[in-house]
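Hi everyone, thanks for coming. I'd like to walk you through one structure today, so please have a look at it on the screen before I start talking.

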Amino acid sequence: MEGLEKKAAMQFVQDAKIFIKSGSGGSGSVSFRREKNIEFGGPDGGNGGRGGDVLVQGNGAKHTLLDFRFKKKYTAENGSPGSGRKKTGKAGRDLLLWVPLGTEIWIEGEKVADITQENQKITLFKGGKGGAGNACLKNSVHQSPRIAYPGESGQESWVELKLKLLANVGLVGMPNAGKSTLLNALTDANSKVGDYPFTTLFPKLGVLCWEDKEIVLADLPGLIEDAHLGKGLGHRFLSHAQRCSVLLHVIDAAQSDAFQKYHQIRQELKLFDETLIQKTEFIVFNKSDQLKEDQKKRLQDLFSNSELIFFVSALHRKDLEALINKIETFF
C-alpha cells in the first residue's frame, strides 16, 4: 500500500512551496562625454535596465504541480547596468511559470491569486526599476554629477501553490463505496477500480456530456473517520470538494451500517470546512441491485430528510438516467 501511495504522489502533486524573486534593476552609469574638440562634454551615463517580472499563467494541459516538487527556487533575470553615451541597460527577461487550472497562490497566509481560466496571466512580482545614470542627475546646480544610483532590488518571497481541481460535481464517500466505478459509468473517465479500500489514490476527473452540456465530475479518494486530522488519504483531497457546487455522496447500499457511515462522512466534511455540508447533496446508493424492495424502503425511511436519493448499480450501469437527468438540471 505504501508503495502505491508513493507512486500516486509522484503522479499527482497538489501542493508546492517555492521561492520566487523578480529581477533587480541594473545600476546607472557614471560617464562623461569625451570626444575630440569637445573639451567639456558633460555627463552621459545611461540608466540601468529594469529587472524581469515574474508572471504566472494557467495551462489546461497541466494537471499537477509536479514541476515544482523538485525545483524550489525561481528567479527572473536582472537588468543590465547602463553605459556611456546615455545607453540604457538591457531589461532583464521575464520569468513565466505555467500552472494547472485551479491553482491558488498564497503568500504569507494570504491568497493573492486564483488561476481558473486557460491562459489567465497575472504579474506576481514586478521587476526592480533601473538606477539613474549621471546624465539624468544633471541639473542647474550640479552640472557634472559624479554619482549614479543602483537599481531597485527585485521582490522576493516564499510562495505556496495549492491546486484545487475545477469540478462541478464531487464524489465523496467511504472507501470501496464504488465512486470510481460510478465515475466511469457517468463519464468518459477510466478510473482504476477494485474490491479493496483506497483503490483511488489521487483525484480523477471525468466529463459528463449530456445534450449540449459538459459537466466535470471529480472522484475524490475515500474518507475515513478522523480524515480531517490527517488519517487515511482522503484528507489530502478534501480541498478539491470546496470548488464543487454539487456533491454526490456515494454509499454502499449493501452495508448494514450505511446510515452511520453517511453521518460519519458528513461530520468529516463539516470539521474540515463547514461550507461543504451546505452544498447541494445527492445521496447515491450504489450496488442497489443487491437489495430487495423492502431494504430500499428501509433506506428511504432512514434518509427521509433527504430529497435527492437515487438507487443505482454503477457496475452494471443500471438506473443511471434519473441521476443524470437531475444532475443536468443544476448546470
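Let's begin with the aromatic rings: Phe 259, Tyr 262, Phe 285, Phe 303 and Phe 311 are linked by ring pairs into a cluster. Please keep in mind that this is a predicted model. A search of the whole structure turns up 8 aromatic pairs, and I'll show you two of them in some detail.

Take Phe 259 and Phe 303 first. Their ring centres lie 5.1 Å apart with the planes at 80°, so this pair is edge-to-face. Where do Phe 259 and Phe 303 lie? Phe 259 belongs to helix 5, while Phe 303 is in the loop between helix 6 and strand 14, so the pair ties together parts that are 44 residues apart in sequence. As for exposure, Phe 259 is partly exposed at 32% relative accessible area, whereas Phe 303 is buried at 2%.

Now to the other pair, Phe 282 and Phe 330. Here the centres are 5.5 Å apart and the planes stand at 65°, so this pair is edge-to-face. Phe 282 sits in strand 13 and Phe 330 in the segment after helix 7 (321-328), so parts 48 residues apart in sequence are tied together by this pair. Phe 282 counts as buried, with 0% relative accessibility, and Phe 330 is partly exposed, with a relative accessible area of 36%.

Let me turn to helix 5, which covers residues 258-272. From the first C-alpha to the last, its 15 residues reach 21 Å, close to the 21 Å expected at 1.5 Å a residue. Which residues of helix 5 are buried? They are Ala 258, Tyr 262, Gln 264, Ile 265, Glu 268 and Leu 269. These residues are on the same side of helix 5, because they cover an arc of only 160° around the axis. And what do they pack against? Their partners are helix 4 (238-241), strand 12 (246-252), strand 13 (280-286) and helix 6 (293-302).

That brings us to the strands around this helix. Strands 12 and 13 pair in the parallel sense over 7 bridges, with His 249 opposite Ile 283 in strand 13. Together with helix 5, strand 12 and strand 13 make a right-handed β-α-β unit. Strand 13 is also joined to strand 14 (residues 309-311) by 3 bridges, and these two run parallel. Ile 283 appears again here, with Ile 309 as its bridge partner in strand 14. On the way from strand 13 to strand 14 the chain goes through helix 6, and this β-α-β crossover is right-handed. How covered is strand 13 itself? Mostly covered, I'd say: 6 of its 7 residues are buried.

Finally, let's go back towards the start of the chain, to strand 1, residues 15-21. Strand 1 is mostly covered, with 5 of its 7 residues buried. It pairs with strand 8 (residues 156-163) in the antiparallel sense over 7 bridges, and Asp 15 stands opposite Lys 162 in strand 8. Strand 1 is also joined by 3 bridges to strand 3 (residues 73-75), and those two run parallel. There, Phe 19 has Lys 73 in strand 3 as its bridge partner.

That's my tour, and I'm happy to take questions.

Key
Residues numbered from 1 in each chain as written. Predicted model: local features only at pLDDT ≥ 70, side-chain atom pairs only at ≥ 80, totals over all residues. Heavy atoms only, no water. Buried < 20%, exposed > 50% of the residue type's maximum accessible area, 1.4 Å probe, protein only. Helix = DSSP H or I, 4+ residues; strand = E, 2+ residues; numbered from the N terminus. Pairing = 2+ DSSP bridges. Expected span 1.5 Å × (residues − 1). Arc of directions from axis to C-beta. Contact = heavy atoms within 4.5 Å. Right-handed = clockwise from strand over helix to strand, strands pointing away. Phe/Tyr/Trp six-rings, centres within 6.5 Å; stacked < 30°, edge-to-face > 60°.
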